Amino acid sequence: MRRAVVLLSGGLDSTTCLSVALAEGYEVYPLSFDYGQRNRKELESAKQVVKYFKIKEHKVVKIGNVGGSALTDMEIDVPDYKGLPSIPVTYVPARNIIFLSYAAGYAEVVNAEAIFIGVNAVDYSGYPDCRPEFIEAFQKAINVGTKNGVNGRPVKIITPLINLSKAEIIKLACENNAPLHLTTTCYRGGEKACGVCDSCVLRLKGFKEAGIVDAIEYMEQT
């Protein structure tokens with residue numbers, strides 16, 4: 001069976017991405033990160049998603065927090081949604097560079113041929129490491145910077161959500177029976193989703209456009 005490492009944050013996109021890998025017949029190896037994120041519920045959500053899909057192996061890697069982001073520095077406030085700037089304060093410096101580096105190494109260890117990552121360049125917060133240009137550049141790095149790459153068998157980065165709207169992602173998740181009720185999206189990470197940060201607003205917009213009821217609880221909804 002083909003194997004794939006799947007980056008799993010516990011959020012809507014990564015959970016959908018995991019469901020796609022499973023639907024395509026991969027034996028999956030979910031990989032999550034404790035990077036000092038404000039939303040500590042993410043890791044618990046990731047564990048619940050893994051349990052839901054009855055996946056045996058789930059690696060959680062703890063890495064240092066470089067700061068500089070509202071998602072990792074409690075002194076930087078998470079703003080309410082007011083339209084999306086080019087690169088918001090919730091951008092975590094080099095996050096996907098770090099995550100994909102770990103994933104590339106882990107893929108060689110477990111003999112996986114693919115890395116699934118749920119980046120999206122349509123309904124997203126403007127992060128530079130979610131764009132096709134970044135994925136293409138990192139794929140080139142894997143091709144020349146790993147053992148499998150120089151031996152002509154590079155691990156392939158797969159981005160099934162990159163050109164989908166949030167509504168399309170939600171519909172895809174439902175088709176794959178992904179447990180969106182177990183996911184967490186809010187940047188603030190409270191017991192209930194705030195409903196007014198960029199991530200919550202994009203999620204709510206997606207569910208509304210998809211004509212599907214979101215099962216998670218919100219403090220308020222715009």
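Trainee: Let's start with Thr-16: is it buried or exposed?
Mentor: Bear in mind that this is a predicted model. Thr-16 is found in helix 1, residues 12-23. Burial calls for a relative accessible area under 20%. Thr-16 has 0%, so it counts as buried.

Trainee: And which residues is Thr-16 in contact with, leaving aside its neighbours within four places in sequence?
Mentor: Contact here takes heavy atoms within 4.5 Å. Once the neighbours within four places in sequence are set aside, the partners of Thr-16 are Leu-161, Ile-169, Leu-172, Ala-173 and Leu-180.

Trainee: How about Val-150, buried or exposed?
Mentor: Val-150 sits in helix 5, residues 147-150. Leaving aside neighbours within four places in sequence, Val-150 is in contact with Asn-143 and Val-144. The bar for exposure is over 50%. At 58% relative accessible area, Val-150 is exposed.

Trainee: On to the sheet. What order do the five strands have?
Mentor: The sheet is open and its strands pair in parallel. Reading across the sheet, the order is 3-2-1-4-5.

Trainee: Which strands stand at the edges?
Mentor: In the order 3-2-1-4-5, look for strands with a single partner, because such a strand has one side left without a neighbour in the sheet. Two fit that description: strand 3 (59-62) and strand 5 (156-158).

Trainee: What does the twist average from one strand to the next?
Mentor: Take the open sheet of five strands again, with its parallel pairing. From one strand to the next, the twist averages 25 degrees.

Trainee: Which residue in strand 2 is the bridge partner of Ala-4?
Mentor: Strand 1 (residues 3-7) and strand 2 (residues 27-34) run parallel, joined by five bridges. Over in strand 2, the bridge partner of Ala-4 is Val-28.

Trainee: And which residue in strand 3 stands opposite Phe-33?
Mentor: Strand 2 and strand 3 are parallel as well, with four bridges between them. Opposite Phe-33, in strand 3, stands Val-61.

Trainee: The chain crosses from strand 2 to strand 3, so which hand is the β-α-β crossover, right or left?
Mentor: The four bridges show strand 2 and strand 3 running parallel. The chain goes from strand 2 through helix 2 to strand 3, and the crossover is right-handed.

Trainee: Which helix lies across strand 4 and strand 5, running at about 160 degrees to strand 5?
Mentor: Two helices come up here. Helix 3 (residues 95-110) lies across strand 1, strand 2, strand 3, strand 4 (114-116) and strand 5, and runs at about 155 degrees to strand 1. The one at about 160 degrees to strand 5, across strand 4 and strand 5, is helix 4 (residues 132-145).

Trainee: Now the rings. What kind of aromatic pair do Tyr-35 and Phe-99 form?
Mentor: The count of aromatic pairs comes to eight. For Tyr-35 and Phe-99, the centres are 5.5 Å apart and the planes 65 degrees apart. Planes over 60 degrees apart go in one class, and the pair is edge-to-face.

Trainee: How many residues apart in sequence are the parts that the pair of Tyr-35 and Phe-99 ties together?
Mentor: Tyr-35 is buried at 7% relative accessibility, and Phe-99 is buried at 12%. Ring pairs also link both of them with Phe-33 and Tyr-102 into a cluster. Tyr-35 lies in the loop between strand 2 and helix 2 (41-52) and Phe-99 in helix 3, so the separation in sequence is 64 residues.

Trainee: What about Tyr-91: how does it count by relative accessibility?
Mentor: Tyr-91 pairs with Tyr-127 in a tilted arrangement, 6.3 Å centre to centre and 45 degrees between the planes. Tyr-91 is in the loop between strand 3 and helix 3, and Tyr-127 in the loop between strand 4 and helix 4. Tyr-127 is buried at 5%. Tyr-91, at 23%, counts as partly exposed.

Trainee: Which ring does Arg-2 lie over?
Mentor: A charge counts as over a ring within 6 Å of the ring centre, given a suitable angle. Arg-2 is 4.0 Å from the ring centre, over the face of Tyr-26.

Trainee: Last one: what is phi of Asn-111 near?
Mentor: Most residues other than glycine have a negative phi. Asn-111 lies in the loop between helix 3 and strand 4 and is exposed at 54%. Its phi is positive, near 60 degrees.

Key: Residues are numbered from 1 along each chain as its sequence is written. This is a predicted model: local features need pLDDT of at least 70, side-chain atom pairs count only at pLDDT 80 or more; totals for chains, interfaces and linings use all residues. Side-chain values use heavy atoms; hydrogens and water are left out. Two strands pair if DSSP finds at least two bridges between them. Axes are lines fitted to C-alpha atoms, for helices over the stretch in contact, and angles run from 0 to 180 degrees between N-to-C directions. Rings of Phe, Tyr and Trp (its six-membered ring) pair if their centres lie within 6.5 Å; planes under 30 degrees apart count as stacked, over 60 as edge-to-face and the rest as tilted. Buried means under 20% relative accessible area, exposed over 50%, partly exposed in between (1.4 Å probe, protein chains only). A charge sits over a ring if NZ of Lys or CZ of Arg is within 6 Å of the ring centre and within 35 degrees of the ring normal. A crossover is right-handed if, with the strands pointing away from the viewer, the path from the first strand over the helix to the second runs clockwise.
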